[in-house]
Amino acid sequence: MAPGLTEDDLTELSSEAIGSDDPRPYIDRLVAAVDEDRLAEPDLASYALGLAADLAEGLHDGDLALSLSERSGTAARGSRDENWTRARHAELLLRFGREDEGMQELHTLRPQLTRDEMASIYVTEALTENGRAEVAEEWLSSALATAAEIVERAGSGPEADEAREIESALAVRRFHVRRDLGLPYDEVDRIAEQLDDEGPDYIFWPQAAFDRLLQAQPEAAEELGATWDEHRAMIERDLQESDPTDLPLVEVGTPDLLAALLADDADDSVAAPEPGFELEWPPGRNDPCWCGSGAKYKKCCLPRGRA
Ligand SMILES: [Zn+2]
């Protein structure tokens, strides 16, 4: 009997599907691998079904996405992925118009905010991805107040350390949500900003900005690529090769950020620029390419990333 599919095999299947004309056969293959028990480890079932649900979501097939993510949740029951998988299902429920069920699921997960360091991400992402950033901000603020009380009571020791980590994660996540909402900085944001060392993996520079940057700082070619084509290809390639559930963070460089970079040596009185906005990837094959060239994605950076 052939050895079963590993986590890497599943991830690769899903990446191929994203670059293909029709992801449906890939969805079928992922589901068949689960149904026919062809996984290297049985606890990969939830992951395989989750990837299939992501692909179905990309096709805007709500019924399929929801039935797959529900199966993924059932498969994850009792494992450490259980809550994350449930939050992902809630996110899809909200996305495909089943608001009451989605919110109900999130309310049952809400207490995790003060118990699980990752909950600040998975619980609130379901909200922020579905136009409920204000609700996320409210939940994070109240969880943060509770977490601060827990830290105070815990004193010292491993439990207190864990409580402090949860408190930090909540503060940083709250800072991001508030920043995206355009809310003014408060005291906590100022501290959270110091804790938040997670910068983007890449900054993508639109063509004109790229040219200006390299002209002023030729040594930047080493990191950014020697030409704009190389720059685009490098980012596209890394996105295509990454686990679709854990894509590198790509920010689009803004004129503001460029000005700050170019002014860097001469003038350090320039205020910190707003961070660039996050690149949405991948675009649809026939949609305008993410690089801003105006060409269709399938004719522009999609093949560039494979070269
Ligand atoms: Zn392009």
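These are my notebook entries on one chain, read from a predicted model.

**Entry 1. Overall build**

I began with the secondary structure and found 15 helices and 3 strands in the chain. I then looked up the radius of gyration, which is 22 Å, close to the 19 Å that the globule rule gives for 307 residues, so the chain is as compact as a globular protein of that length. The C-alpha trace spans about 60 × 55 × 35 Å along its principal axes. I noted that 34% of the 307 residues count as buried. Of the contacts with a separation of 6 or more, 52% are between residues 24 or more positions apart.

**Entry 2. Domains**

I looked up how the chain is divided, and the assignment gives domain 1 (1-79), domain 2 (103-198) and domain 3 (202-304). For domain 1 and domain 2 I took the C-alpha centres, which lie 30 Å apart.

**Entry 3. Nonpolar cores**

Which residues have the most contacts inside the largest nonpolar core? I found L30, A48, A52 and L170, in a core of 49 residues. Eight helices each supply at least two residues to this core: α1 (7-18), α2 (24-35), α3 (45-58), α4 (62-76), α5 (82-95), α7 (119-128), α8 (133-154) and α9 (158-181). Domain 1 (1-79) and domain 2 (103-198) both contribute residues, so the core lies between them. Apart from this core lies another of 20 residues, and W205, I235, V250 and L261 are among them. As background I wrote down that nonpolar side chains tend to be buried together in soluble globular proteins.

I went back to L30 for its contacts. Leaving out residues up to four places away in sequence, L30 touches L10, L13, A48, L51 and A52. Two of the residues named for the core, A48 and A52, are thus in my contact list for L30.

**Entry 4. L140**

I placed L140 in helix α8. Is L140 buried or exposed? L140 has 27 other C-beta atoms within 10 Å, and the cut-off for buried is 20 or more, so I entered L140 as buried. Leaving out residues up to four places away in sequence, L140 touches S120, T124, L170, R173, R174 and V177. I also checked L140 against L109: the two are 31 residues apart in sequence, and their C-alpha atoms are 13 Å apart in space.

**Entry 5. Helix α6**

I went through α6 (residues 99-109) and found G102, E105 and L106 buried. Seen down the helix axis, the buried residues of α6 fall within an arc of 95 degrees, so they line one face of the helix. An α-helix has 3.6 residues a turn, so residues three or four places apart point the same way. On the face of α6 turned away from the buried side I found the exposed residues D100, Q104, H107 and T108. I then looked for what covers the buried residues of α6, and the cover includes α5 and α7.

**Entry 6. The sheet**

In what order do the 3 strands stand? They form an open sheet in the order β1-β2-β3, with mixed pairing. β1 (202-204) and β3 (277-278) stand at the edges with a single partner strand each, so one side of each is left without a neighbour in the sheet. I looked closer at β1 and strand β2 (residues 250-252): they run parallel and are joined by 3 bridges. One residue I followed across was I203, and its bridge partner in β2 is E251.

Technical notes
Residues numbered from 1 in each chain as written. Predicted model: local features only at pLDDT ≥ 70, side-chain atom pairs only at ≥ 80, totals over all residues. Helix = DSSP H or I, 4+ residues; strand = E, 2+ residues; numbered from the N terminus. Rg over C-alpha atoms; globule rule 2.2 N^0.38 Å. Buried ≥ 20, exposed ≤ 12 C-beta atoms within 10 Å, placed from the backbone. Contact = placed C-beta atoms within 7 Å. Core = buried A, V, L, I, M, F, W, Y, C linked by C-beta atoms within 7 Å. Domains from an automatic or database assignment. Pairing = 2+ DSSP bridges. Arc of directions from axis to C-beta.
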